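These are my notebook entries on one structure. I looked up the points below in turn and recorded what I found.

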Amino acid sequence: MIPATPPVLVHGDLWRDNILAGPAGRPALIDPAVWYGWPEVDISMLWLSPRPAASRHFFETWEAIARPEPGWTGRAPLLHVREMLSVLAQRGGENGTADRLRAVLAPFRRRT
């Protein structure tokens, strides 16, 4: 389901509110939850959370540089499960998180 890739250092909690402008106006990242994991973990966070204003250009540029395996947008929800579980643990089912999690996990549900 997820391409075999060596683990890389990822931010781990990358969403638009963790991207700020530094003193010179250049982007800066804050609030890292750094760990080693799949390279697509961070992009899945940005893809599935409220997106930055210039997101189309951002994602096109990321694809050109990172050259992810085809189908990364389809894998993004699966890589986002950890974050959805975290939101449920911290805030409960607000914002439809439980419904989104059920939808992502539905194909793996064992039918009896």
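Which residues of H1 are buried? I list Val 41, Asp 42, Ile 43, Ser 44, Met 45 and Leu 46 as the buried residues of H1. I note at the outset that the model is predicted.

**Entry 1: the chain as a whole**

I counted 5 helices and 4 strands in the protein chain. Reading from the N terminus, I found the order β-β-β-β-α-α-α-α-α. For the extent of the C-alpha trace along its principal axes, I recorded about 60 × 30 × 25 Å. I then looked up burial and noted that 28% of the 112 residues are buried. The exposed area of the chain is about 7800 Å², and carbon and sulfur atoms supply 59% of this area. I also examined contacts between residues at least 6 apart in sequence; 58% of these join residues at least 24 apart.

**Entry 2: helix H1**

I returned to H1 and recorded it as mostly covered, with 6 of its 8 residues buried. I next asked what the buried residues of H1 pack against. Among the strands, I found S1, S2 (19-21) and S4 (35-37). Among the helices, I found H2 (55-66), H3 (72-79) and H4 (81-91).

**Entry 3: Ser 44**

I selected Ser 44, which lies in H1. Is Ser 44 buried or exposed? I enter Ser 44 as buried because its relative accessible area is 1%, and the cut-off for buried is under 20%. The side chain of Ser 44 reaches the backbone oxygen of Val 41 at 2.7 Å. Setting aside residues up to four places away in sequence, I found that Ser 44 touches Ala 76, Leu 79 and His 80.

**Entry 4: Met 45**

Met 45 is also a residue of helix H1, which covers residues 41-48. Its relative accessibility is 5%, so I count Met 45 as buried. Which residues does Met 45 touch, not counting residues up to four places away in sequence? I recorded Asp 13, Leu 14, Trp 15, His 80 and Glu 83. I also looked up the separation of Met 45 from Leu 79: the two are 34 residues apart in sequence, and their C-alpha atoms are 8.3 Å apart in space.

**Entry 5: Pro 7**

I turned to Pro 7, in the segment before strand S1 (8-10). I count Pro 7 as exposed because its relative accessibility is 56%. Leaving aside neighbours within four places in sequence, I found Pro 7 in contact with Tyr 36 and Gly 37. Pro 7 and Ser 49 are 42 residues apart in sequence, and I recorded 23 Å between their C-alpha atoms.

**Entry 6: salt bridges**

How many salt bridges does the structure hold? I found 3.

I first recorded the salt bridge of Glu 40 with Arg 75, in which the closest N and O atoms are 2.7 Å apart. This pair links distant parts of the chain: Glu 40 is in the loop between S4 and H1, and Arg 75 is in helix H3, 35 residues apart. I count Glu 40 as buried because its relative accessibility is 9%. Arg 75 is likewise entered as buried, with a relative accessible area of 9%.

I next recorded Arg 56 with Glu 60, where the closest N and O atoms are 3.1 Å apart. The two residues are 4 apart in helix H2, so about one helical turn separates Arg 56 from Glu 60. Arg 56 has 64% relative accessibility and therefore counts as exposed. Glu 60, at 41%, counts as partly exposed.

I then recorded Arg 102 with Asp 99, whose side chains meet in a salt bridge at 3.1 Å, N to O. Because they are 3 residues apart in helix H5, Arg 102 and Asp 99 are separated by about one helical turn. I note both Arg 102 and Asp 99 as exposed.

**Entry 7: a nonpolar surface patch**

Which residues make a nonpolar surface patch of about 340 Å²? I found Met 1, Leu 105 and Phe 108. I placed Leu 105 in helix H5 (residues 97-105). Its relative accessibility is 36%, so I enter Leu 105 as partly exposed.

Definitions and conventions. Residues are numbered from 1 along each chain as its sequence is written. This is a predicted model: local features need pLDDT of at least 70, side-chain atom pairs count only at pLDDT 80 or more; totals for chains, interfaces and linings use all residues. Side-chain values use heavy atoms; hydrogens and water are left out. Buried means under 20% relative accessible area, exposed over 50%, partly exposed in between (1.4 Å probe, protein chains only). Contact means heavy atoms within 4.5 Å. Patches are made of residues with over 30% relative accessible area and no salt bridge: like charges are joined within 9 Å, nonpolar side chains (Val, Leu, Ile, Met, Phe, Trp, Tyr) within 5 Å. Accessible areas come from the Shrake-Rupley method with a 1.4 Å probe; for residues, only the protein chains shown count as cover. A salt bridge is a side-chain nitrogen of Lys or Arg within 4 Å of a carboxyl oxygen of Asp or Glu. A polar contact is a pair of N or O atoms within 3.5 Å; within protein, one must be able to donate a hydrogen and the other to accept it, and residues adjacent in sequence count only if both atoms are side-chain atoms.
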